[in-house]
Amino acid sequence: MAHEHPEYDPADRVAEDAELAEFFDLLGRPHTTAILRRFACEAGPWRYSELQETLDISPTTLSNRLAALTEAGIIDRESYDEIPPRVEYSTTAKGEALRPPFEELLVWIDSYD
């Protein structure tokens, strides 16, 4: 029996596949999932030092991942002109929208554990 498939534009499909691959590439980098879960599932904002303490990630890796997540529009970086300098990271609406998928994945993991 043949399956019904919705009509789609091949160019749109290629663009969507590229965006999805880029997102999974970001997720596949070490510690990204842990950082993302923190922002999607726990109230912020977060200071860099708080993230480093609770995630146990090297400073270079944490800085790189935060920059990538900021560039992706998932988190926001706010600098305050203070002595000592203060930087806080908070979740954007795009990042908050990741909460349901993370929660569902955790349910799925628990049900097959």
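Reader: What makes Phe 23, Leu 27 and Thr 33 part of the lining of the second largest pocket?

Author: In this predicted model, a lining residue has an atom within 4 Å of a pocket point. Phe 23, Leu 27 and Thr 33 line the second largest pocket, along with Ala 34, Leu 36, Arg 37, Leu 98, Pro 101, Phe 102, Leu 105, Leu 106 and Ile 109.

Reader: Which element gives the most to the lining of the second largest pocket?

Author: Helix 6 does, with 5 residues. Helix 1, helix 2 (32–41) and helix 6 (99–111) each supply at least two residues there.

Reader: How do you know how the lining of the second largest pocket divides into nonpolar, polar and charged residues?

Author: Ala, Leu, Ile, Phe and Pro count as nonpolar and Arg as charged, so Thr falls among the polar ones. The division is therefore 10 nonpolar, 1 polar and 1 charged. About 230 Å³ of space lies in this pocket.

Reader: And how much space lies in the largest pocket?

Author: About 290 Å³. The lining of the largest pocket consists of Glu 19, Glu 22, Phe 23, Asp 25, Leu 26, Arg 29, Ala 68, Glu 71, Ala 72, Ile 74 and Lys 94. Helix 1 (10–28) and helix 4 (59–71) are the elements giving two or more residues to that lining, and the largest share, 5 residues, comes from helix 1.

Reader: What makes 6 residues in the lining of the largest pocket charged?

Author: Asp, Glu, Lys and Arg count as charged, and the lining includes Glu 19, Glu 22, Asp 25, Arg 29, Glu 71 and Lys 94. By class, then, this lining has 6 charged, 5 nonpolar and no polar residues.

Note on methods:
Residues numbered from 1 in each chain as written. Predicted model: local features only at pLDDT ≥ 70, side-chain atom pairs only at ≥ 80, totals over all residues. Heavy atoms only, no water. 1 Å grid on protein atoms, 1.4 Å probe; cavity = no way out; pocket = protein on both sides within 12 Å on 5 of 7 lines; lining within 4 Å. Points joined across faces, edges and corners; volume = space filled by probe spheres on them. Helix = DSSP H or I, 4+ residues; strand = E, 2+ residues; numbered from the N terminus.
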